[in-house]
Amino acid sequence: MRTSTILATEGLSRRFPRVTALDRLTVTVGPGVTGLVGANGAGKSTLIKILLGLLEPSEGRAQVLGMDSGSQGAEIRRAVGYMPEHDCLPPDVSATDFVVHMARMSGLPRTAARERAADTLRHVGLYEERYRPIGGYSTGMKQRVKLAQALVHDPKVVFLDEPTNGLDPQGRDDMLGLIRRIGSEFGISVLVTSHLLGELERVCDHVIVIDGGRLLRSSAISEFTQATQSVTVEVEEGPEALAARLAELGETVTPQGRALAVLVRGPETYDAVRDAVCDLELSLIRLEQGRQRIEDVFRGSAADMTEPATAPGLAATTVRGDS
Ligand SMILES: Nc1ncnc2c1ncn2[C@@H]1O[C@H](COP(=O)(O)OP(=O)(O)OP(=O)(O)O)[C@@H](O)[C@H]1O
């Protein structure tokens, strides 16, 4: 394992009686913010639980910070902060009391625990409300408390399981901003899961996409954005004929209103557009470089990831990058 490796899995599988949640997953994660993306049921939470030593793999192995998840789970959990997906907060205590308690559980002395809890709650943006019982909090505030308890013991790495779940667009933006700061300002490596590819584009250095427990892709975000370069072509009349000709020439074309978005494979794509427009004697109105959404790379292979799970329309409002 390289010294810069934060976590790695090798041929990792986990079978449940009715489903294979992870299927021979081999992946390596370096420092920075890494997105783990997959539709609901893709195996994201299962992977996190195995990494933390909370669940046994059926086959293969996993390491976090050079420690084996099978035999060194307790050490891993000391070094890693974990924000679980589901609501697991006690309703009757305040955020302050809860986060201090979690800090004490991690081994911090009383005074240090109080100081760290106050700092961490301030970092996640909880102020006066931190003295009120958690039961009265909004979803966004509860997500912040979960994030604070993951950070309070000053971990080297945090695993955040669907931190934007249930949040409105503003809440998502705020949470994504916090995640970016954890990576850049605090220097903590982050593994963050989401079922929406587009929202992680903004905060991640690297993205891993899984589907049905299998690895679809693991790439630096720059490779994704390169892959999503497109050119928008608008002609006065005959966009259908142009689309058909470009498709014949092997180009990937998506109608966009009156225009066409053509995925750029390389310089040959521009030649194909020029030749098709000339051959069909069309009048070109617009030829413009743009970027498709990151999830367009996976259209067809993992379509669920382009849909918001809880609130239709949210993804469209939070995803950047339409050309
Ligand atoms: N304890 C379990 N017993 C049986 N099946 C399970 C168990 N835990 C997970 N699964 C199944 O394994 C698959 C992967 O689940 P997992 O929770 O890892 O997915 P996920 O990508 O985190 O999705 P979600 O965001 O919906 O939780 C699912 O089909 C799920 O039903």
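Helices (H or I, at least four residues) and strands (E, at least two) are DSSP runs, numbered from the N terminus. The model is predicted: local features need pLDDT of at least 70, side-chain atom pairs count only at pLDDT 80 or more, and totals for chains, interfaces and linings use all residues. Residues are numbered from 1 along each chain as its sequence is written.

**Exercise 1. The ligand shell**

Describe the residues around the ligand by element, distance and class.

Solution. Start with the elements: helix 1 (residues 44-51) gives the largest share of the shell, three residues. Next, take distance, where a residue is near a molecule or strand if its C-beta atom, placed from the backbone, lies within 6 Å of it. The shell has 14 residues, and Ala21, Asn40, Lys44, Ser45 and Thr46 come nearest to the ligand. Finally, sort by class: Ala, Val, Leu, Ile, Met, Phe, Trp, Tyr, Cys and Pro count as nonpolar, Asp, Glu, Lys and Arg as charged, and the others, Gly among them, as polar. The shell then has seven polar, four nonpolar and three charged residues.

**Exercise 2. The sheet of four strands**

Give the strand order of the open sheet of four strands, and work out why one side of strand 2 and of strand 5 has no neighbour in the sheet.

Solution. Two strands pair if DSSP finds at least two bridges between them. The order is 2-1-4-5, and the pairing is antiparallel. Strand 2 (20-29) and strand 5 (67-68) are at the edges with a single partner strand each, so one side of each lacks a neighbour in the sheet. Now follow strand 1 (residues 7-15), which runs antiparallel to strand 2 and is joined to it by six bridges. Thr9 is opposite Val27 of strand 2, and a hairpin of four residues connects strand 1 to strand 2. Strand 1 also pairs with strand 4 (residues 59-64), in the antiparallel sense, over five bridges. There, Ser13 has Glu59 in strand 4 as its bridge partner.

**Exercise 3. The sheet of six strands**

Set out the order, edges and pairing of the open sheet of six strands, then place helix 5.

Solution. The order is 6-7-8-3-9-10, with mixed pairing. Strand 6 (80-83) and strand 10 (214-220) form the edges; each has a single partner strand, so one side of each is without a neighbour in the sheet. On average, neighbouring strands of this sheet are turned by 15° against each other, direction ignored. Axes are lines fitted to C-alpha atoms, for helices over the stretch in contact, and angles run from 0 to 180 degrees between N-to-C directions. As an example of pairing, strand 3 (residues 33-37) and strand 9 (residues 206-211) are parallel over four bridges, with Thr34 opposite His206 of strand 9. Helix 5 (residues 139-151) lies across strand 6 and strand 7 (157-160), at about 165° to strand 6. Here two residues are in contact if their C-beta atoms, placed from the backbone, lie within 7 Å.

**Exercise 4. Positive phi**

Locate Asp154 and Glu281, and state whether each is buried, partly exposed or exposed.

Solution. A residue is buried if 20 or more other C-beta atoms, placed from the backbone, lie within 10 Å of its own, exposed if 12 or fewer, and partly exposed in between. Asp154, not a glycine, has a positive phi of about 55°. Asp154 sits in the loop between helix 5 and strand 7; with 15 other C-beta atoms within 10 Å, Asp154 is partly exposed. Glu281 is not a glycine either and has a positive phi of about 55°. Glu281 belongs to the loop between helix 10 (267-279) and strand 14 (284-291), and is exposed, with 7 other C-beta atoms within 10 Å.
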